[in-house]
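Subject: Handover of a structure and its analysis

Dear colleague,

Please find below the structure I agreed to pass on to you, together with its sequence. My account of what was found in it comes directly after.

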Amino acid sequence: MTSNHPLVSVIMNCYNAESFLKQALDSVLSQTYENWEIIFWDNVSSDNSAEIVLMYTDSRIKYFKATKHSPLGKARNLAMAKTSGEWCAFLDSDDLWLPDKLQKQVEIINSDSS
């Protein structure tokens, strides 16, 4: 049975996304639903992506760096192996979430679980 506030693992695969990364990360930090973790998978970026994500001190952000570049599907699977959440959500490093995205999704999951 699902709890009312399950941990949501947010998978962020990143490859050279420094131009958009701060906004994407901030959109997760701004969520009204707060029981989440970010599994940040650095797919061997050669820009400042690592420096940007490592500036954040929120313990819910977990940084992993691949040993070699992988196609997106494989990179997502590698990141999924690091999750602790009951649910997973994907956020590309050049996308944004509205502040209530996770809250609305968890509410739908909870209503469908009844």
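The paragraphs below go through the cores, one helix, two serines, the salt bridges and the cysteines. Please bear in mind throughout that this is a predicted model.

**Nonpolar cores**

The largest nonpolar core comprises 22 residues, and V10, M12 and I38 have the most contacts inside it. Two or more residues come to this core from each of β1, α1, β2, α2 and α4. The surroundings of V10 illustrate how distant parts of the chain are brought together: leaving out residues up to four places away in sequence, V10 touches V28, W36, E37, I38, I39, A89, L91, W97 and L102. A second core, of six residues, lies apart from the largest one and includes W41, A66, A75 and A79.

**Helix α1**

Helix α1 spans residues 21–29, and its buried residues are L21, A24, L25, S27 and V28. Viewed down the helix axis, these buried residues fall within an arc of 155 degrees, so they line one face of α1. What do the buried residues of α1 pack against? Their partners are β1 (8–14), β2 (36–42) and α2 (49–54).

The helix also carries a salt bridge, formed by D26 and K22, with 2.8 Å between the closest N and O atoms. The two residues are four apart in α1, and therefore about one helical turn separates D26 from K22. Both members of the pair are partly exposed: D26 has a relative accessibility of 24%, and K22 one of 44%.

**Two buried serines in loops**

S93 is located in the loop that runs between β4 (87–90) and α4 (101–112). With a relative accessibility of 7%, S93 counts as buried. A polar atom of the S93 side chain lies 3.4 Å from the backbone oxygen of N13. If neighbours within four places in sequence are set aside, the contacts of S93 are M12, N13, C14, A17, F20, L21 and A24. Two of these names, L21 and A24, also appear among the buried residues of α1.

S45 sits in the loop between β2 and α2. Is S45 buried or exposed? Its relative accessibility is 10%, so S45 counts as buried. In this case the polar partner is a backbone nitrogen, that of N16, which lies 2.9 Å from a polar atom of the S45 side chain. Not counting residues up to four places away in sequence, S45 touches C14, Y15, N16 and K65. C14 is thus listed among the contacts of S93 and also among those of S45.

**Salt bridges**

How many salt bridges does a search of the whole structure find? The search finds five, one of them being the D26 and K22 pair described above.

Another salt bridge joins E37 and K62, whose closest N and O atoms are 2.7 Å apart. This pair links distant parts of the chain, with E37 in strand β2, K62 in strand β3 (residues 61–65), and their positions 25 residues apart. E37 is buried, at a relative accessible area of 2%, whereas K62 is partly exposed, at 30%. E37 is also one of the residues that V10 touches.

A further salt bridge is formed by K104 and D100, with the closest N and O atoms 3.3 Å apart. Here K104 is partly exposed, with a relative accessible area of 48%, and D100 is likewise partly exposed, with 28%.

**Cysteines**

The structure holds zero disulfides. Why does C14 form no such bond? The closest cysteine sulfur to that of C14 belongs to C88 and is 18 Å away, which is too far for a bond. For a disulfide, the two sulfur atoms would have to be within 2.5 Å. As regards accessibility, C14 is buried, at 1%, whereas C88 is partly exposed, with a relative accessible area of 34%.

With kind regards

Note on methods: Residues are numbered from 1 along each chain as its sequence is written. This is a predicted model: local features need pLDDT of at least 70, side-chain atom pairs count only at pLDDT 80 or more; totals for chains, interfaces and linings use all residues. Side-chain values use heavy atoms; hydrogens and water are left out. Buried means under 20% relative accessible area, exposed over 50%, partly exposed in between (1.4 Å probe, protein chains only). The arc is that of the directions from the helix axis to the C-beta atoms. Contact means heavy atoms within 4.5 Å. A polar contact is a pair of N or O atoms within 3.5 Å; within protein, one must be able to donate a hydrogen and the other to accept it, and residues adjacent in sequence count only if both atoms are side-chain atoms. A salt bridge is a side-chain nitrogen of Lys or Arg within 4 Å of a carboxyl oxygen of Asp or Glu. A nonpolar core is a set of buried Ala, Val, Leu, Ile, Met, Phe, Trp, Tyr and Cys residues joined through side-chain atoms within 4.5 Å.
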